[in-house]
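Me: I'd like to go through a structure with you and learn how to read its features one at a time. Can we start once it's on the screen?

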Amino acid sequence: RPRSSTTGVLQSAWFADRRMTVEDPRMENVFLWCRGVDTAVTPKTSNDETAGVLLGLMKNGDIVIRHCYKMRKAWHEARRMILSQARVDGQKVVMAFGNTGSQSGFADDIRYNDPEFAPFIVEAVWVCTSRALPNGFFV
């Protein structure tokens with residue numbers, strides 16, 4: 001299927017209205033951490049990958065991208081990797097999955113069926129992808 005040559009790459013032009021730097025922020029200025037998880041669970045090499053990104057919201061409204069991962073795994077393997085990353089992130093970091101289709105099912109599976117995820121905050125959140133912008137973001 002056709003893909004942009006920049007798929008999967010963050011570009012500073014997408015954030016033209018925001019200051020973008022590569023320095024680590026002062027951690028005391030980040031008041032909320034969230035790990036967004038986009039599941040695309042399959043070992044097939046032709047499909048998308050499951051990805052996670054750790055975002056921080058700073059007191060001044062800036063957003064920090066702290067860590068990203070991607071993997072192409074079946075659900076039982078992806079679940080172990082997500083748990084491993086949750087342990088690294090810590091119990092105060094919200095894990096946010098989409099609330100539609102399989103995304104919601106994966107969130108429910110780990111939230112209700114896996115006691116190892118009990119110490120962590122797992123949420124299914126509303127994601128709107130109704131209109132793609134030219135820069136690749138969805139609104």
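What follows is a talk through the helices, strands, cores and cysteines of this model.

Me: Before we dig in, what kind of model is this?
Reply: It's a predicted model, so read everything below as computed from predicted coordinates.

Me: Okay, helices. How many residues does H1 have, and what does it reach from its first C-alpha to its last?
Reply: The idea is to compare the end-to-end span with what a rise of 1.5 Å a residue would give. H1 has 15 residues and reaches 20 Å, close to the expected 21 Å. H2 has 13 residues and spans 18 Å, close to the 18 Å expected.

Me: Which residues of H1 are buried?
Reply: Buried here means under 20% relative accessible area. In H1 that picks out Trp 75, Ala 78, Arg 79, Ile 82, Leu 83, Gln 85, Ala 86 and Asp 89. They cover an arc of only 165 degrees around the axis, so they sit on the same side of H1. Over on the other side, His 76 and Val 88 are exposed.

Me: And what do the buried residues of H1 pack against?
Reply: Quite a list: strands S1, S2 (50-58), S3 and S4, plus helix H2. Just after H1 comes Gly 90, with a positive phi near 105 degrees.

Me: There's an arginine among the buried residues of H1. Why does Arg 79 count as buried?
Reply: Its relative accessible area is 18%, and the cut-off is under 20%, which is why Arg 79 counts as buried. Leaving aside neighbours within four places in sequence, Arg 79 is in contact with Asp 109, Ile 110, Asp 114 and Phe 117. Two of those names, Asp 109 and Ile 110, are also among the buried residues of H2.

Me: Let's turn to H2, then. Which of its residues are buried, and what do they pack against?
Reply: The buried ones are Gln 103, Ser 104, Phe 106, Ala 107, Asp 109 and Ile 110. They pack against strand S1 (30-38), helix H1 (75-89), strand S4 (94-98) and strand S5 (121-125).

Me: Gln 103 caught my eye. Which residues is it in contact with, leaving aside neighbours within four places in sequence?
Reply: Val 37, Asp 38, Thr 39, Phe 97 and Gly 98. Thr 39 shows how sequence and space can part ways: Gln 103 and Thr 39 are 64 residues apart in sequence, yet 6.3 Å apart in space, C-alpha to C-alpha. Gln 103 has 12% relative accessibility, so it counts as buried.

Me: On to strands. How do I read the two faces of one?
Reply: In a regular strand the side chains alternate between the two faces of the sheet. Now try S4: Val 94, Ala 96 and Gly 98 lie on one side, Met 95 and Phe 97 on the other, and all are buried. That's five of five residues, with both faces covered.

Me: Which strands pair with S4, and in what sense?
Reply: S1 joins S4 through four bridges, running parallel, and S4 pairs with S5 in the parallel sense over five bridges. Follow Met 95 across: its bridge partner in S1 is Arg 35, and it stands opposite Val 122 in S5.

Me: How do S2 and S3 run, parallel or antiparallel?
Reply: Antiparallel, with eight bridges joining them. Leu 55 has Ile 65 in S3 as its bridge partner. The two strands form a hairpin with four residues between them, and Gly 61 in the turn has a positive phi of about 95 degrees.

Me: What does the largest nonpolar core look like?
Reply: It has 16 residues, and Ile 82, Met 95, Phe 97 and Phe 117 have the most contacts inside it. S3 (63-71), H1, S4 and H2 each supply at least two residues, and H1 gives the most, with five. A second, separate core of six residues includes Trp 33, Leu 54, Met 58 and Val 93.

Me: Last one: how many disulfides are there?
Reply: A disulfide is a covalent bond between the sulfur atoms of two cysteines. This structure holds zero. As for exposure, Cys 34 is partly exposed at 23%, and Cys 68 is partly exposed at 48%.

How values were computed
Residues numbered from 1 in each chain as written. Predicted model: local features only at pLDDT ≥ 70, side-chain atom pairs only at ≥ 80, totals over all residues. Heavy atoms only, no water. Buried < 20%, exposed > 50% of the residue type's maximum accessible area, 1.4 Å probe, protein only. Contact = heavy atoms within 4.5 Å. Expected span 1.5 Å × (residues − 1). Core = buried A, V, L, I, M, F, W, Y, C linked by side-chain atoms within 4.5 Å. Arc of directions from axis to C-beta. Disulfide = S-S within 2.5 Å. Pairing = 2+ DSSP bridges.
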